[in-house]
Amino acid sequence: MAKKREINEYSTDPAAQQMLIRAEELGIGTAFTRADAMAPCNIGSAGMCCKQCGMGPCRLTKEGDVGVCGATIDTIQARNLTRAIAAGSAAHSDHGRDMAFLLKATAEGEAEGYMIRDIAKLRMVAGYYDIPVDGRAPEEIANDLADLYIAQFGQQRGEAVPIRRATKKRQALWRERDVVPRGVDREVVEALHRTHIGDDQEPEHILEHAIRTSLADGWAGSMIATDISDILFGTPAPVLGQANLGVIKADMVNVVVHGHEPSLSEMIVAASQTPDVIEYAKAAGANGINLSGICCTANEILMRQGIPAAGNFLHQELAIMTGAVEAMVVDVQCVMQALVGLAENFHTKIITTSPKVKIKGATHIEFEEHKAMTIAKEILKAAIDNFKNRDNSMTQIPDIKEDLIPGFSHEYINYMLGGSYRASFRPLNDAIMSGRIRGVAAIVGCNNPRSSQDYLHNLVTKELLKQDVLVVQTGCGAISSAKLGLMLGEAGLSEVGAGLREICETVGIPPVLHMGSCVDNTRILTVLTQMAETGGLGDDIDQIPAVGLAPEWMSEKALAIATYCVASGAYVIFGGASPVGGMPDRVSDSDAVLKYISVGWEEKYGGKLEFIPDPQMMIKATLEHIDKKRAALGLPEYDPTRFGRSGDAEMLKLEALPLAEKRKAVYGLAAD
Ligand code: NFS
């Protein structure tokens, strides 16, 4: 057993620390203590264990070792990484498929309680694919779009159609390299086939298919999920929300929704606001129903409805530990099996809802889109019926929460920067060109109990903000910053570099923009693509001074996201352990795969994937990359003292200069 850590080594979040002290008092284990007890296997964590057939598992420990079939370390690492990327792509994209079926059912009037909320987005998305919109009812357009999107998943030949939303240059590169994906189902099946015993045994060739598979996720499966969520539930725009365990209320029936798909959680939000459900809760002696979310379900309903987030991945057990949760309603992904055993110490009901996910010992109330409202009410009533079982002597809710403003969809960022008449990324590009904003970092991804919860996220975020790097976030990383108060207007601006601060104050944005759930990383692809198309920062994503980071990653989905971002031209840095690393004490030829996904992929795609456990090194690598890209574009060298000496006044003075002088003063370019 590894060393038992102290509470403050488990999490930097004070609410989490309170609950972890409570867990120790009650003698209840959590992911944190289980991580202490379960030392990771060095061979498996470095991707050097092959269990693809019955002749093994073969554990390769040193350079030159081969498996029973003769497979080398490089082949085995490439296979394992590709399988992980395929699984992550499958998870996101299967979510996208369900959204496409929901759009179809809604268009046909067969989805109880759903409607098309964002007709403008529907028309815009239809326009990408030449689906006629003029003179047609939204349902007719949605029906065509749903058919097109449903067909994408199983498309056998030809390009997945959303690929056309990438820059022209990127599309050409993918075609030249023959990695344009077909349907994600086909790519995932082929990934499993190629990595079966006795198939593809050239590591680089295997990894090219990992690229293709991830592109089917980022530029199809996940992008489809985001498009349809916006069409059905509304494209996010800023709303006021709250985050952390303090959002759980002692006098109300608490229902925590956890997982990923917004289809049921949106309906639970709607059902919780109906008079009959509110009356039912009051009759049970509660002051009403209080909803909150965990993980990406939290992000979906926080972004659109302002429903508070109880926390990120490592808060799922801690929410139950408050003793005040009547039901935790889960759908798919990132749901710990430990929840059921943990809930037995309290009165909390764990309710599974997806036909794809049951947990032994949980209550299963299966969700079905054709009678979603009826099922949502049934779930809420089960939670209300459980209110009487709450033991107040077991209740302890940390009085800790922060306000935030989430909802920065790419459409909103565009509008906010340019105004309604000239929505544009021009001001953002200009700010980067002038050096007020040094570059952009997308800090995303999970929590991992192997490191202190939120510590790496927050350390990297705060340092990059000081260095005038604009930060956008999704997933559990976003909730981490939200809990810290970095997503609220002026809050935190005192810690932000002077140039970035001017931009935040002028536009009226927090220094960290919450862009949604993990499938919404496609919004970041869209922002980067539009920045490239706006001009001034090159003509493709790989030229933009931007970096993607997942300091506390743990899921296969994170690897899929990393890979499609790399294939789209981004430098991606992960913290924690490398799934293709050599043994920590030996750097040798067994690092060939590690080198290939960095140097090799950069040569081919302009993006690279690196695993850097040390946060200071992570920050250094980020800033060096941003500065390198700035230099390659011929932009002035970043100078932290150049802007913000007098706040807004300095900026307004520069803005008022005649164009020729402005070019010189602001961009450091020749006056003509
Ligand atoms: Ni993303 Fe969302 Fe969180 Fe990681 Fe899990 S919730 S899809 S995988 S843990 S960020």
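How many of the 672 residues in the chain are buried, as a percentage? Buried residues make up 61% of them, where buried means under 20% relative accessible area, exposed over 50% and partly exposed in between, with a 1.4 Å probe and protein chains only.

A few ground rules will help you read on. This is a predicted model, in which local features need pLDDT of at least 70, side-chain atom pairs count only at pLDDT 80 or more, and totals for chains, interfaces and linings use all residues. Residues are numbered from 1 along each chain as its sequence is written, and side-chain values use heavy atoms, with hydrogens and water left out.

## The whole chain

The chain holds 27 helices and 16 strands; helices (H or I, at least four residues) and strands (E, at least two) are DSSP runs, numbered from the N terminus. Its C-alpha trace spans about 75 × 65 × 55 Å along the principal axes. The radius of gyration is 25 Å, which agrees with the value near 26 Å for a compact globule of 672 residues. That radius is taken over C-alpha atoms, and the globule rule is 2.2 Å times the number of residues to the power 0.38. Of the contacts between residues at least 6 apart in sequence, 75% join residues at least 24 apart; contact means heavy atoms within 4.5 Å.

## Two helix pairs

Let us turn to how some helices pack. Axes here are lines fitted to C-alpha atoms, for helices over the stretch in contact, and angles run from 0 to 180 degrees between N-to-C directions. Angles under 35 degrees count as roughly parallel, over 145 as roughly antiparallel, 65 to 115 as roughly perpendicular and the rest as oblique.

Helix α6 (residues 119–128) and helix α7 (residues 138–153) have axes that come within 10 Å and cross at roughly 50 degrees. That makes α6 oblique to α7. The crossing of α6 and α7 is left-handed, a term used if the near helix is turned anticlockwise from the far one by less than a right angle, with right-handed for clockwise. On the α6 side the contact is made by I119, L122, R123, V125 and A126, and on the α7 side by P138, I141, A142, L145 and Y149. By class, this contact of α6 with α7 has nine nonpolar, no polar and one charged residues. Here Ala, Val, Leu, Ile, Met, Phe, Trp, Tyr, Cys and Pro count as nonpolar, Asp, Glu, Lys and Arg as charged, and the others, Gly among them, as polar.

For helix α10 (residues 203–233) and helix α23 (residues 556–567), the axes come within 8 Å and cross at roughly 100 degrees. The two are therefore roughly perpendicular to each other. From α10 the contact takes A210, I211, S214, L215, D217 and G218, and from α23 it takes A560, T563, Y564 and A567. The residues of this contact of α10 with α23 divide into six nonpolar, three polar and one charged.

## Two buried residues in helices

Helix α10 also holds L232, which counts as buried at 1% relative accessibility. Leaving out residues up to four places away in sequence, L232 touches M99, L102, L103, T106, M115, I116 and R117. L232 and S578 are 346 residues apart in sequence and 38 Å apart in space, C-alpha to C-alpha.

S481 lies in helix α20 (residues 475–484) and is buried, with a relative accessible area of 0%. Apart from its neighbours within four places in sequence, S481 is in contact with N458, T461, Q473, L486, M487 and V512. S481 and G241 are 240 residues apart in sequence, yet 13 Å apart in space, C-alpha to C-alpha.

## Backbone details

Here are the residues with a positive phi.

| Residue | Phi | Place |
|---|---|---|
| C295 | near 60 degrees | helix α13 (residues 295–305) |
| Q333 | near 70 degrees | loop between β7 (325–330) and α15 (338–343) |
| G508 | about 80 degrees | just after α21 |
| G435 | near 95 degrees | following α18 |

C295 is buried, with a relative accessible area of 1%, and Q333 counts as buried at 17%. In helix α21 (residues 498–507), the buried residues are G499, L500, E502, I503 and C504. Helix α18 (residues 426–434) has L428, N429, A431, I432, M433 and S434 as its buried residues.

Where is the cis peptide bond that involves P57? A cis bond joins G56 and P57, with omega about 0 degrees, and P57 lies in the loop between β1 (49–50) and β2 (58–59).
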